[in-house]
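Student: Could you take me through the surroundings of the ligand in close detail, and then place that part within the chain as a whole?

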Amino acid sequence: MCGIVGYIGDQAAVNILIKGLQRLEYRGYDSAGIAVMENEKLAVFKKEGKVANLASQLNGNHLDATIGIGHTRWATHGAPSDKNAHPHISEDGKIALIHNGIIENYLTLKSELTAKGYHFRSETDTEVLVQFIADVHKNSSTSFAKSVQLALQRVVGAYGLVILNVDEPDQLIAVRKGSPLVIGRGSSANYIGSDASPFLEYTNEVTYLNDDEIAVVKRDTITLTNGKRGTLTPYFEHLDLELDAIEKGAFDHFMLKEIFEQPDRLLDCMRGRILAQSGNIKLGGISAYADKVYNAKRLIITACGTSYYAGLTAEYLFEDLCRIPVEVEYASEFRYRNPVLYPDDVLLAISQSGETADTLVAVDQAKASGSTVIGICNVVGSSIARATHEGIYTHAGPEIGVASTKAFTAQLIVLSMLAIKMASERHTIQESFRHQLILELQRVPALVEEVLAHADHIRSIAQKYWLASNFLYLGRGFQYPIAMEGALKLKEISYIHAEGYPAAEMKHGPIALIDAEMPIVVLALKDKAYDKVISNIEEIKSRHGKVIAIISEGDDAMKRQVDDYIEIPAVMEYFAPLVSVVPLQLLAYYIGVIKGCNVDQPRNLAKSVTVE
Ligand code: M6R
């Protein structure tokens with residue numbers, strides 16, 4: 001969703017801000033803007049559409065300014081437009097503010113300000129906030145930072161804010177509640193971002209703001225305070241991230257790069273956790289809560305979108321291997337349902353970004369109920385990673401494409417390791433079987449590599465079906481969540497309507513949709529459900545549907561039965577989702593590309609969904 005960048009130093013702020021905004025494009029946005037301070041005045045530029053539009057409006061000017069803020073906006077209050085884009089400016093033209101999040105009581109504040117004679121140029125909650133802060137500051141005799149803190153006491157909602165005030169021209173104010181902000185410490189320069197990507201090429205010494213903390217960021221100093229606890233010492237850490245991790249390299253799109261990176265990222269995810277000599281699994285991230293986790297009475301998995309499908313896949317794994325009851329919940333439903341939670345429940349919160357608002361609230365609720373809460377996140381230092389008791393990072397590296405690919409398979413690897421470890425701690429599997437499982441899991445990266453070698457063949461299938469307006473995806477057992485994930489990928493990337501179903505459910509409704517125009521992707525591997533899936537395929541064929549099957553390598557009988565097929569190497573059923581999802585990622589990707597869609601930044605979507 002919205003992205004934030006702030007800079008103070010001795011370089012041309014405009015260049016750093018525009019480049020930073022380009023690095024934030026992956027989050028999804030519809031307009032962009034910057035404000036810099038020049039000759040003791042604010043210079044503000046805002047443009048609907050891409051950062052490139054904004055850059056051409058600036059046309060290489062305003063290079064003298066060395067302090068400024070920039071924002072990519074994903075519309076919530078008011079349509080995407082120049083006037084609704086951030087930064088928003090106070091009526092006296094002195095204060096510029098950028099905001100991620102939502103101000104829930106903005107209408108109340110707006111009517112109070114209107115009664116005082118303030119006027120508004122946009123439809124946004126953010127403009128109300130900047131006017132409100134300006135009004136509080138005008139009527140108080142404290143520093144600007146204190147006024148911001150005072151004003152925020154009246155504000156209900158979530159925010160990550162960066163503020164520039166021409167009356168205090170040597171500083172940026174950064175403050176957060178519920179929406180992430182990270183500060184980068186440079187040499188004679190400091191940076192602020194909604195994540196580290198806009199300033200990674202200048203520094204990787206970072207500190208993350210916590211809720212209710214306010215930072216006064218000057219060229220050479222960073223002062224951190226919290227209203228209740230006074231002045232704090234910022235804790236800086238070294239972010240282990242290289243610039244090429246957030247660049248496309250030789251690939252046409254980030255999504256393709258991330259699909260092809262999977263073998264390496266899966267190895268990274270297992271590295272140091274599967275111990276070669278002993279054949280044991282070591283999950284250091286949950287060592288303090290290990291007893292609670294392994295002796296849990298029940299597992300509740302909560303997540304959204306693709307991460308939810310990782311959770312659904314894990315349900316099969318944990319129930320089968322660990323004989324533990326598992327519930328998988330959309331975080332957005334869980335949090336509003338008054339769920340029954342016990343202290344011996346363990347909640348697994350899965351999130352690539354670690355910032356998904358609903359998942360974060362679900363984490364807080366489960367903690368408040370006394371359950372143990374474990375995060376499975378990709379982004380190090382993210383809000384969910386920090387809010388949970390302990391966690392396991394997926395180590396997939398930054399995922400820039402909006403459609404989740406490598407983060408999903410890395411989540412599955414983490415969940416697989418956790419399930420094997422838990423099963424062995426609970427003595428629900430034999431030692432020899434545990435060894436077999438570990439050996440098989442270690443084979444997965446090479447198997448994914450084999451599937452990637454079929455990319456050209458998958459592209460040729462995409463060329464055949466890209467004009468279809470509907471797709472159905474069917475799978476059973478471990479492959480049912482993968483059918484849902486395959487359908488989600490296609491929807492996101494190509495805007496083709498697609499549904500994922502358990503194959504047996506087809507007869508209970510979706511079969512009515514099948515005709516000669518309808519491609520149906522069937523996950524038809526040689527597993528427990530194989531014979532049943534063959535019957536489902538026959539039912540489709542007798543209604544003239546077109547079957548694209550994901551099949552086990554060498555299954556010649558299946559090849560003859562279907563219209564098109566993609567072979568995947570044999571793999572234990574438990575880990576087959578890790579391999580079978582890859583051709584579905586590629587199919588969605590190629591269809592999106594053939595249709596001319598912006599696969600890395602699909603319309604209306606955001607990479608991290610930080611609003612409810
Ligand atoms: O960052 P999270 O994993 O919490 O995000 C959850 C969903 O928003 C995300 O998986 C979304 O569905 C992706 N666009 C899927 O490709």
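Tutor: In this predicted model, a polar side-chain atom of Lys 489 is placed 3.0 Å from an oxygen atom of the ligand, and a backbone N or O atom of Thr 306 likewise lies 3.0 Å from a ligand oxygen atom. On the side of the ligand's nitrogen chemistry, an N or O atom in the side chain of Glu 492 is found 2.4 Å from a nitrogen atom of the ligand. Taken by itself the ligand exposes 410 Å², and 91% of that area is buried by the protein.

Glu 492 is also one of the residues that come nearest to the ligand, together with Ser 307, Ser 351, Ser 353 and Thr 356, out of a shell of 15. By character, that shell divides into 8 polar, 5 nonpolar and 2 charged residues. As for where the shell comes from, helix H9 (305-322) and helix H16 (480-494) each contribute at least two of its residues, and at the level of domains, at least three residues are drawn from domain 2 (253-452) and at least three from domain 3 (454-612).

To place this site in the chain, the protein is divided into domain 1 (2-101 + 158-241), domain 2 (253-452) and domain 3 (454-612). Domain 2, which supplies part of the ligand shell, also meets domain 1, and the C-alpha centres of these two domains lie 33 Å apart. Their contact takes 7 residues from domain 1 and 9 residues from domain 2. The area buried between them is about 710 Å², with carbon and sulfur atoms giving 57% of it. Within domain 1, the residues that lose the most area to domain 2 are Tyr 26, Pro 180 and Tyr 208, which together account for 57% of what that side buries.

Two points of backbone geometry deserve a careful look as well. Most residues other than glycine have a negative phi, and most peptide bonds are trans. Against that background, the peptide bond from His 86 to Pro 87 is cis, with omega near 0°, and Pro 87 has its place in the loop between strand S4 (67-73) and strand S5 (88-89). Ser 188, for its part, is a residue other than glycine with a positive phi, near 55°, and it lies in the loop that runs between strand S9 (182-185) and strand S10 (190-193).

Note on methods: Residues numbered from 1 in each chain as written. Predicted model: local features only at pLDDT ≥ 70, side-chain atom pairs only at ≥ 80, totals over all residues. Heavy atoms only, no water. Near = heavy atom within 4 Å. Polar contact = N/O pair within 3.5 Å; in protein donor to acceptor, adjacent residues only side chain to side chain. Areas by Shrake-Rupley, 256 points an atom, 1.4 Å probe, with all protein chains shown as cover. Helix = DSSP H or I, 4+ residues; strand = E, 2+ residues; numbered from the N terminus. Nonpolar A, V, L, I, M, F, W, Y, C, P; charged D, E, K, R; others polar. Domains from an automatic or database assignment. Contact = heavy atoms within 4.5 Å. Buried area = accessible area lost by both parts, 1.4 Å probe.
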